[in-house]
Amino acid sequence: MAKLKILEFPDPRLRTKATPVEVVDDNLRAFIGDMFETMYAAPGIGLAATQVDLHKRLLITDVTADKSEPHVLINPEILERDGVTISDEGCLSVPGYYEEVERAEHIRVRFIDRQGEAQEMEAEGLLAICIQHEMDHLDGKLFVDYLSEAKRQRIRKKLLKERRHQSAAVVL
Ligand code: ZN
C-alpha cells in the first residue's frame, strides 16, 4: 500500500466531474487500499477519489475513532434524503478551515461495493454528512462553495500564501 497525495484547494483538478467506475477489479481494490491508508494517516473520516486525482465515482468513509466501520461506495446515488442538519465541516483538501454547512440529516444511498455487488444503505448523522460531502467532491464541488464569495476568497488567498511558504522551506 502507498500513501497518495491529496490535492488542495484551489487546485483546478478538484473541479473535475468524475465519471462512473466501469470495472471493479484488483487494480481498483489496490487503489482503494491506498485511499484508506491515506485517509487514516491524514487523519480524516472520508475521502473521495477526486481528492487523490482519480476522477472516478468512488469514495470511502470511516467515521469511527477505532477504524472499525470502513465503507466503500462506488458509483453512489442518493435515493432519498430527509431532514436538515447543520454542522461544522472540514476537508482534507481545505486544511485548517471549518465552516457550517447544511445537509440532509438522513439519506438512503445505492452504490456498488468493493466486491462489485450492488448495495443500498441508510445513513444518518455524521455518516450521512460525510457521504454527502464526499459525493460533492465527485461533482467537483467543495464545502467552501456553500460559503459566501468573500469568505471563499479569503480561504483561497490564505492557503495559497501558506503553500508558497512551504515550498520556500523545501528549497532551503
Ligand atoms: Zn472534503
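## Starting at R57

Let's begin with R57, which is buried at a relative accessible area of 14%. Before going on, keep in mind that this is a predicted model. R57 shares a salt bridge with D139, and the N to O distance between the two side chains is 3.0 Å. That pair ties together distant parts of the chain: R57 sits in the loop between β1 (46–48) and β2 (58–61), while D139 is in the loop between α2 and α3, 82 residues apart.

The two partners don't have matching surroundings. D139 has a relative accessible area of 37%, so it counts as partly exposed, whereas R57, at 14%, falls on the buried side because the cut-off for buried is under 20%.

## Salt bridges inside helices

Side chains of opposite charge can pair when their charged atoms come close. The count of salt bridges here comes to 14, and a couple of them sit within single helices. Take D26 and R29, whose side chains meet with 3.0 Å from N to O. Both belong to helix α1 (residues 26–41), and because they are 3 residues apart, about one helical turn separates them. D26 is exposed, with 57% relative accessibility, while R29 is partly exposed at 27%.

Helix α3 has a pair of its own. R152 and E149 form a salt bridge in which the closest N and O atoms are 2.5 Å apart. Once again the spacing is 3 residues, so the partners are about one helical turn from each other in helix α3. R152 is buried, with a relative accessible area of 15%, and E149 is partly exposed at 45%. Elsewhere, D11, R13 and D53 are joined into one network by salt bridges that share partners.

## The zinc site

Which residues hold the zinc ion? The coordinating atoms are SG of C91, NE2 of H133 and NE2 of H137, at 2.1 to 2.2 Å. Along the sequence, these donors follow the spacing C-x41-H-x3-H.

The two histidines are worth a look together. H133 and H137 are both in helix α2 (residues 125–138), with their positions 4 residues apart, or about one turn of the helix. Are these two histidines buried or exposed? H133 and H137 are both buried.

## Charge on the surface

Now for the outside. A patch of positive charge on the surface is formed by R154, K158, K161 and R164. To find it, you can look for K161 in helix α3, which covers residues 149–171. This is also the helix where R152 and E149 make their salt bridge.

There is a patch of negative charge on the surface as well, gathered from D82, E105, E122 and E124. One of its members, E105, is in the loop between β5 (99–103) and β6 (106–112). E105 counts as partly exposed because its relative accessibility is 42%, between the 20% and 50% cut-offs.

## Cis peptide bonds

Two places in the backbone deserve a stop for their cis peptide bonds. At one of them, F9 and P10 are joined by a cis bond with omega about 5°. P10 belongs to the segment before α1.

The other runs from A42 to P43, where the peptide bond is cis and omega is near -10°. Where does P43 lie? You'll find P43 in the loop between α1 and β1.

## Positive phi angles

Finally, a pair of residues to check by their phi angles. K67 is not a glycine, yet its phi is positive, at about 55°. K67 is located in the loop between β2 and β3 (71–82).

N75 is not a glycine either, and it has a positive phi of about 50°. Unlike K67, which is in a loop, N75 is part of strand β3. Why does N75 count as buried? Its relative accessible area is 19%, and buried means under 20%, so N75 makes the cut.

How values were computed. Residues numbered from 1 in each chain as written. Predicted model: local features only at pLDDT ≥ 70, side-chain atom pairs only at ≥ 80, totals over all residues. Heavy atoms only, no water. Patch = residues over 30% accessible without salt bridge, like charges linked within 9 Å, V, L, I, M, F, W, Y side chains within 5 Å. Areas by Shrake-Rupley, 256 points an atom, 1.4 Å probe, with all protein chains shown as cover. Salt bridge = Lys/Arg side-chain N within 4 Å of Asp/Glu carboxyl O. Lys, Arg positive; Asp, Glu negative; His and termini not counted. Charge placed at Lys NZ, Arg CZ, Asp CG, Glu CD. Donors = N, O, S within 2.8 Å, 3.2 Å for Na, K, Ca; no water. Buried < 20%, exposed > 50% of the residue type's maximum accessible area, 1.4 Å probe, protein only.
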